[in-house]
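Here are some exercises to work through with the coordinates open beside you. Try each task before you read its solution.

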Amino acid sequence: MTESIIYDINLAAEGRQKINWVKQYMPMLNHLNRLYSQTKPFKETNLVVTIHLEAKTAYLAEVLHNAGANVIVTGSNPLSTQNDVAAALVKEGITVYAKYDCSKEEYDTYLDKALDLKPDLLIDDGGDLVNMLHTKRADLIGSLIGGSEETTTGVNRLKALSNQGKLAFPMIAVNDSHCKYLFDNRYGTGQSVWDGIMRTTNLSVAGKTVVVSGYGWCGKGVSMRAKGLGANVIVTEIDPIKAIEAIFDGFRVMTMEEAALHGDFFVTVTGCKDVIAKRHMQLMKDGAVLANAGHFDVEINVHDLYELSVKPVYEARRNILAFTLANGRKINLLGEGRLVNLACGDGHPIEVMDLSFAMQFLAMKYLLDNKGKLQNTLYTLPAELDKKVASLKLKSSGIKIDCLTDDQVFYLNNE
Ligand code: NAI
């Protein structure tokens, strides 16, 4: 085992407690653990996991490790690594390169070092690892069986590579499985964004005006949960169809210029840059709270906030930076504009990640089982696997659904 780079190994006991807690509520991963820790299908397979490093991710890494893989774990965002969880993994014999609040240079070094493992398989979240393989470490591509991608932004980067004919190994867009985006992006982000905002600010959401930018899968969840908490929700969009969907779901739709005047809370979740920029910030109310849930910290232009600030920026509370504008109003930024649910919280609810990470495990198994048979392109997981995970989830929750009779099958196929 190579030496890990983490903050402090002495935090391992706290991290272990967090991992043990999530294990209780991850029946799908428990099932896969029981099934494959005996047969060890990943024996002699090098596998890099680059996902936000908190307890659920740690358990996925352990299940892969128990299934025989030689696993190295890095974080996928400087503010989403939990140092105690990283320490617990190292105690378990898994190599980790990740520290909370590491610099961009350190973050890149960790990815680079993880690639020294010469991975056969990889799990990426956001596309940084795959990008590094294509740009800096192309020498490793020949031995790679393939990889999978966790999030929309990473999938969009892969689509761009694939469309240019430049994707150099098979990748699976786990994000595009039903069992991922319908539940993780929508309900997972919906809950965890508000968990992150509420625990960080201790403010009431009820009666407030919440502006959600982007009405994709994540934005729908964030808006739905804000409404459930009693907020008045405004949606901003660039896609006319999504805008109409938001209207029919009962939300007001307007431009960010207009919404900037009304919002108490702003949540960006678009995958785009500069969704909130200087011209919007100057219009905002005193005390406005800005949070981003999109993958990269480019949706709120933080540089603009610093430029607008006429007094020293200060930490108003843990994970909240306060900026004072020339008009005397204060704007509060959560988690430095990084994914608020991970930078200021523990990420998605456990049960949701159980589904997503079961899909990730099955994607790794699929790539291994189809070694040498896949093209250098972007795949989605076969629909049967999606259904299998959904069926297992229902079974583990003790829920039964109806089955078609032969007569009904005949009717549906012939009428
Ligand atoms: P999506 O593609 O379903 O939705 C994005 C929406 O944003 C689209 O409707 C698009 O029209 C809209 N949009 C794009 N630019 C815009 C702009 N400038 N102003 C207003 N609307 C704009 O994507 P999804 O799945 O909702 O993901 C969004 C982002 O969240 C991605 O970066 C993704 O990687 C990330 N994500 C974050 C998670 C978290 O835990 N915080 C979980 C899953 C995804």
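**Exercise 1. Find the residue that stands opposite Glu 315, and describe the strands around it.**

Solution. Step one: the partner of Glu 315 is Leu 321, which belongs to β13. Keep in mind that you are looking at a predicted model.

Step two: look at how the two strands run. β12 and β13 (residues 320-324) are antiparallel and are joined by three bridges.

Step three: follow the chain through the turn. β12 and β13 make a hairpin, with two residues between them. Asn 319 sits in this turn, and its phi is positive, at about 70°.

**Exercise 2. Place this hairpin in its sheet, and name the edge strands.**

Solution. Begin with the strand order, which is β9-β8-β7-β10-β11-β14-β13-β12 in an open sheet of eight strands with mixed pairing. The edges are β9 (252-253) and β12 (314-317), each of which pairs on one side only.

Now pick a pair from inside that order. β10 (residues 265-268) and β11 (residues 288-292) run parallel, and four bridges join them. To check the register, take Thr 268: its bridge partner in β11 is Asn 292.

**Exercise 3. Work out the order of the seven-stranded sheet, and explain why β3 and β15 each have one side without a neighbour.**

Solution. The order in this open sheet is β3-β2-β1-β4-β5-β6-β15, and the pairing is parallel. β3 (95-97) and β15 (378-379) are at the edges with a single partner strand each, so one side of each has no neighbour in the sheet.

For a register check, use β1 and β4 (residues 121-124), a parallel pair joined by three bridges. Here Leu 47 has Leu 121 in β4 as its bridge partner.

**Exercise 4. Classify the ring pair Phe 42 and Phe 361, and say which parts of the chain it ties together.**

Solution. The model has seven aromatic pairs when ring centres within 6.5 Å are counted. For Phe 42 and Phe 361, the centres are 5.6 Å apart and the planes are at 90°, so this pair is edge-to-face.

Next, locate the two residues. Phe 42 is in the loop between α2 (27-39) and β1 (46-50), while Phe 361 is in helix α15 (residues 350-369), so the pair links parts 319 residues apart in sequence.

**Exercise 5. Describe the surroundings of the ligand, from single atoms up to domains.**

Solution. Start with the residues. There are 26 around the ligand, and those that come nearest are Thr 151, Thr 152, Thr 153, Glu 237 and Asn 341.

Then go to atom pairs, each between a ligand oxygen and a side-chain N or O atom. The distance is 2.5 Å for Thr 153, 2.6 Å for Glu 237 and 2.7 Å for Asn 341.

Continue with the cover. Taken alone, the ligand exposes 860 Å², and the protein buries 87% of that. Two or more shell residues come from each of α7 (152-163), α8 (178-201) and α9 (217-228).

By residue type, the shell has nine nonpolar, 14 polar and three charged members. Finally, domain 1 (9-176 + 348-396) and domain 2 (186-338) both contribute residues to the shell, so the ligand lies between them.

Definitions and conventions
Residues numbered from 1 in each chain as written. Predicted model: local features only at pLDDT ≥ 70, side-chain atom pairs only at ≥ 80, totals over all residues. Heavy atoms only, no water. Near = heavy atom within 4 Å. Polar contact = N/O pair within 3.5 Å; in protein donor to acceptor, adjacent residues only side chain to side chain. Areas by Shrake-Rupley, 256 points an atom, 1.4 Å probe, with all protein chains shown as cover. Nonpolar A, V, L, I, M, F, W, Y, C, P; charged D, E, K, R; others polar. Domains from an automatic or database assignment. Pairing = 2+ DSSP bridges. Phe/Tyr/Trp six-rings, centres within 6.5 Å; stacked < 30°, edge-to-face > 60°.
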